[in-house]
Amino acid sequence: MTSSLHRGPALLVGLALLAGCSPAEQDAAPPLADPAQALRLALLDVEAGGVVEIPAGRLDFDRGLSLTVDGVTLRGAGSDVSVLSFAGQRAGAEGLLVSADGVTLEGFAVEDAKGDAVKINECADLVIRDVRTEWTGGPSPDNGAYGLYPVQCEGVLIEDSTAIGASDAGIYVGQSRDIVVRRNRVEYNVAGIEIENSFRADVYENDVSHNTGGILVFDLPDLPVQGGRETRIRGNRVHENNTENFAPEGNIVGTVPAGTGIMVNANDAIEIVDNDIEDHATAAVLVVSYLITGRPVEDADYDPYPEAVHVHGNRIGRSGYDPDSEPLLALREALDGADLPSVLWDGFVAPDAMGPVLCVHGNEGATVAALDAPGGFAAPRFDAAEFDCTLPALEL
């Protein structure tokens with residue numbers, strides 16, 4: 001069954017009946033449902049495998065929408081044409097909440113949601129294409145946390161979409177497996193793209209700019225899924241991610257220094273290759289253990305150390321010229337005001353580490369340092385030979 005807001009059977013029948021009525025009868029006929037209400041009803045009535053169309057124009061909502069039917073396509077006329085506005089939202093934690101498998105979302109925008117813009121929970125075989133999420137007032141801690149937000153999903157494709165203004169992450173994929181994030185534009189979020197506690201993610205050909213941190217790969221404690229690994233970051237343009245961190249107080253993403261291009265926190269088997277990474281005030285690439293946050297680790301199953309991070313074949317522009325970190329500011333002063341190395345590792349090593357934490361080679365414009373965070377930053381190391389190693393290419 002196909003549900004359509006502007007060509008659906010019910011609406012077409014209504015128009016035909018009005019065409020056969022006299023002017024007086026037309027005046028007495030009940031008004032057609034407004035497009036916003038029609039969309040809400042279509043999402044409730046659609047059958048598995050159906051299509052719900054969103055008309056061109058702006059639809060205003062005062063409460064969130066939900067979709068719980070498998071195999072549905074929700075399709076608009078384009079992410080700058082079909083706009084779902086939640087500026088007046090009074091109820092609901094999200095703009096759109098999806099709890100179903102085999103869903104395709106394409107060709108529409110979600111603006112100014114009270115909470116997350118588009119959340120997809122416990123799904124399989126998800127496609128998001130040409131969807132824009134945006135908080136139109138610019139960066140603010142009052143903005144919703146996440147733009148595009150699949151969590152606990154298997155088989156995720158996010159492509160040709162836009163995310164602007166999230167107070168946590170513009171595109172966030174968490175506790176998920178088999179992920180592709182490609183050809184998206186993300187800007188003015190705290191984190192542009194974040195892959196968290198996930199497995200086998202391919203992040204490529206995205207344009208990532210003006211966030212606090214550009215692309216983040218994290219593994220955090222106290223979550224149902226842990227041990228995130230195997231993320232490849234390739235062929236992206238990551239530039240000018242120097243926006244002041246505007247995350248609400250207490251959020252873990254609030255620890256991300258402004259001016260970070262790519263950041264790996266406690267995740268393993270990460271390949272960073274063939275990216276253009278330029279103009280970052282703190283670091284082009286930052287690799288850290290969760291221990292650097294100073295927060296206690298009470299989860300006995302959690303591994304707080306990164307391992308097997310492979311940075312090679314990238315083109316790296318200026319970075320480290322105005323770091324957003326007290327230890328890094330002190331290090332820059334010790335270097336007589338020189339720019340910091342572009343690839344920085346905090347220096348924490350797992351007691352049972354089986355191989356290198358970080359390999360860096362074949363990058364244009366890259367320098368590298370170990371910061372000695374375990375020793376209070378007292379003895380940083382700058383010898384590139386320490387990191388001149390290779391790791392197998394990821395096969396995703």
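Which two cysteines form a disulfide with their sulfur atoms 2.3 Å apart? Hold that thought for a moment, everyone, while I set the ground rules.

What you see above is a predicted model, in which local features need pLDDT of at least 70 and side-chain atom pairs count only at pLDDT 80 or more, while totals for chains, interfaces and linings use all residues. Residues are numbered from 1 along each chain as its sequence is written, and side-chain values use heavy atoms, with hydrogens and water left out.

Now, back to the opening question. The pair is Cys 123 and Cys 153. A disulfide here is a pair of cysteine sulfur atoms within 2.5 Å, and searching the whole structure turns up two of them. For this one, the angle about the S-S bond is 120°, which makes the link of Cys 123 and Cys 153 right-handed. It ties together distant parts of the chain, 30 residues apart: Cys 123 is in the loop between β9 and β10 (124-134), and Cys 153 is in the loop between β11 and β12 (154-159). A word on those labels: helices (H or I, at least four residues) and strands (E, at least two) are DSSP runs, numbered from the N terminus. Cys 123 and Cys 153 are both buried, where buried means under 20% relative accessible area, exposed over 50%, and partly exposed in between, with a 1.4 Å probe and protein chains only.

The second disulfide joins Cys 359 and Cys 389, with 2.0 Å between the sulfur atoms. Its angle about the S-S bond is -105°, and the link of Cys 359 and Cys 389 is left-handed. This pair also connects distant parts of the chain, 30 residues apart, with Cys 359 in strand β30 and Cys 389 in the segment after β31 (368-370). Both Cys 359 and Cys 389 are buried. If you number the bonded cysteines of the chain in sequence order, the pairing reads 1-2, 3-4.

Let's move to the strands. Two strands count as paired if DSSP finds at least two bridges between them. Start at strand β4 (residues 63-67), which runs parallel to strand β7 (residues 91-98) and is joined to it by four bridges. There, Arg 63 has Ala 91 in β7 as its bridge partner. From β7 we step on to strand β9 (residues 116-121), again parallel and again with four bridges; Leu 97 is matched with Lys 119 in β9. Next, β9 and β11 pair in the parallel sense over four bridges, with Ile 120 opposite Pro 150 in β11. Finally, three bridges connect β11 to strand β14 (residues 169-174), also in the parallel sense, and Tyr 146 has Ala 169 in β14 as its partner.

So how enclosed is strand β11 (residues 146-151)? Six of its six residues are buried, so β11 is largely enclosed by the rest of the structure.

Over to strand β10, where we find Glu 134. Is Glu 134 buried or exposed? Its relative accessible area is 19%, so Glu 134 is buried. Its side chain makes a polar contact of 2.7 Å with the side chain of Arg 132. For us, a polar contact is a pair of N or O atoms within 3.5 Å; within protein, one must be able to donate a hydrogen and the other to accept it, and residues adjacent in sequence count only if both atoms are side-chain atoms. Leaving out residues up to four places away in sequence, Glu 134 touches Val 110, Glu 111, Asp 112 and Ile 164, with contact meaning heavy atoms within 4.5 Å.

Helix α3 (residues 35-45) has several buried residues, including Ala 36, Leu 39 and Leu 43. At its N-terminal end, Asp 34 acts as a cap, with a side-chain oxygen 3.0 Å from the backbone nitrogen of Ala 36.

That brings us to the nonpolar cores, meaning sets of buried Ala, Val, Leu, Ile, Met, Phe, Trp, Tyr and Cys residues joined through side-chain atoms within 4.5 Å. The largest has 71 residues, and those with the most contacts inside it are Leu 39, Leu 84, Leu 105 and Leu 358. Its largest share, four residues, comes from α3. Apart from it lies another core of 28 residues, among them Ala 247, Tyr 302, Leu 331 and Leu 371.

My last stop is Val 357, in the loop between β29 (343-345) and β30 (358-361). Val 357 is buried, at 6% relative accessible area. The residues it touches, again not counting those up to four places away in sequence, include Pro 306, Trp 345 and Phe 348.
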